[in-house]
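Q: Please take a close look at one part of this model, and go through it slowly enough for a first-year student to follow. Then place that part in the wider picture.

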Amino acid sequence: MADLTATSKNILKKHSINTPIQVLIAAVIGILFGLFFGDYCKIFRPIGTIYVMLLQAAVYPYIISTLITSLGELTADKSIKLFLKSWYLYLFLLFLVFGAIAILGYAIPSINSKLGNQIVNTTQPSFLTLIIPENLFFSLTYNFVPAVIIFCILFGVTLQKIKTKNSLIEILKTISETSIEYWRWLVKLAPIATFTMLADVAGTIKLYQLIALSEYLFLFFFGTFSLAFWLIPMVISALTGIKYKSLLSKLYKALVISAATTLSVLSLSYILEAVKEFLQERKASLSQHDIDIVNMNLLISYPLAQ
């Protein structure tokens, strides 16, 4: 009887539709639903908004706890060695990302709009405010991600020298694991959220708006798809030796989830799983040290692309 139950579960798991495919199906249905029912789809807007807000609630707890833990558990020697081996890669990725943004910025035409005359001049934060965490809570409130990341790096490196850090690290690990579990639970609702968001967009956008934005949309999607499916994968493949097909096969879940929901934070757990799989192909087993390095690199890299 036990064998029969296990077999049944394996069959159901094998033939079940995974979440990224569900999200794609929900996206298509949502667009069709929006085109058919039009402005009535406005009623779905609060659902998508609530979902996005719930997802964002765990972003900073995850980033802060995981990055501080990953750095805090390393020794000073290992941190210096890791920095010396990876600083040029981060610099290269930084130039790659900002170079792509600059090219797209020059290629995409400006859109004339009556709203342009209604822009209110506001005081913009200085560059130092964006990257230097003078007040962590201020940076968190105004979503200055680089400042938060730099604070975590400095705090984590300093924590390496503290002898009585085990209790703090255990608490931060619990927060990190809870954040991941929280996202895994919310990801199950991603198809519903995708349906509501795309139904709202497809139902409320007008044909003349699409025509006016056609050149912008074409260049935007051309640029992002070129980056996601050609330039960045080819660079990763050249630097790591991982085959292009293997790379996309393991990252397709992250790409589908982030593209369909427009919420890149949902891709973090999928990217983490993919990196672990690539490492397991080269190593018999992964140590906690390996996982800490993966987490640290992922969370430092994330703001660059974001």
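A: Glu 281 counts as exposed, because its relative accessibility is 53%, where exposed means over 50% relative accessible area, buried under 20% and partly exposed in between, for a 1.4 Å probe and protein chains only. The structure is a predicted model, in which local features need pLDDT of at least 70 and side-chain atom pairs count only at pLDDT 80 or more, while totals for chains, interfaces and linings use all residues. Residues are numbered from 1 along each chain as its sequence is written, and side-chain values use heavy atoms, with hydrogens and water left out.

The partner of Glu 281 is Lys 250, with which it forms a salt bridge whose closest N and O atoms are 3.1 Å apart; such a bridge needs a side-chain nitrogen of Lys or Arg within 4 Å of a carboxyl oxygen of Asp or Glu. Glu 281 belongs to helix 14 and Lys 250 to helix 13, so that this pair links distant parts of the chain, 31 residues apart (helices, H or I of at least four residues, and strands, E of at least two, are DSSP runs numbered from the N terminus). Whereas Glu 281 is exposed, Lys 250 is partly exposed, with a relative accessible area of 21%.

Following Lys 250 into its own helix, one finds that helix 13 has 18 residues and reaches 24 Å from its first C-alpha to its last, which is close to the 26 Å expected at 1.5 Å a residue, the expected span being 1.5 Å times one less than the number of residues. Helix 13 also bends, by about 55° at Leu 251, where the bend is the angle between axes fitted to the seven residues ending at that position and the seven starting there. Leu 251 is itself one of the buried residues of helix 13, which also include Leu 247, Leu 248, Ala 254, Val 256 and Ile 257. The cover over these buried residues includes helix 2, helix 10, helix 12 and helix 14. After helix 13 comes Thr 262, whose phi is positive, near 60°.

The wider picture begins with the nonpolar core, a set of buried Ala, Val, Leu, Ile, Met, Phe, Trp, Tyr and Cys residues joined through side-chain atoms within 4.5 Å. The largest such core has 43 residues, and those with the most contacts inside it are Tyr 51, Leu 55, Tyr 62, Ile 63, Leu 67, Trp 183 and Leu 266. Among the helices that each supply at least two residues of this core are helix 3 (45-56), helix 10 (190-204), helix 13 (244-261) and helix 14 (268-282), but helix 4 gives the most, with eight residues. Tyr 51, leaving out residues up to four places away in sequence, touches Leu 186, Val 187, Leu 189, Ala 190, Ala 193, Leu 263 and Leu 266, contact being heavy atoms within 4.5 Å.

The pair of Glu 281 and Lys 250 can also be set beside other salt bridges, of which the count comes to five. Arg 45 forms one with Asp 200, their closest N and O atoms being 2.9 Å apart; because Arg 45 lies in helix 3 and Asp 200 in helix 10, this pair ties together parts that are 155 residues apart in sequence. Arg 45 is partly exposed, with a relative accessible area of 39%, while Asp 200, at 10%, counts as buried. Asp 39 and Lys 206 meet through their side chains in another salt bridge (3.3 Å, N to O), and these two are 167 residues apart, Asp 39 in the loop between helix 2 (19-37) and helix 3, Lys 206 in the loop between helix 10 and helix 11 (207-212). Asp 39 is partly exposed at 39% relative accessible area, and Lys 206 is partly exposed at 33%.

Helix 12, named above as part of the cover over helix 13, contains Phe 225 and Phe 229, which are four residues apart and therefore separated by about one helical turn. Phe 225 is partly exposed, with a relative accessible area of 46%, and Phe 229 is partly exposed as well, at 35%.
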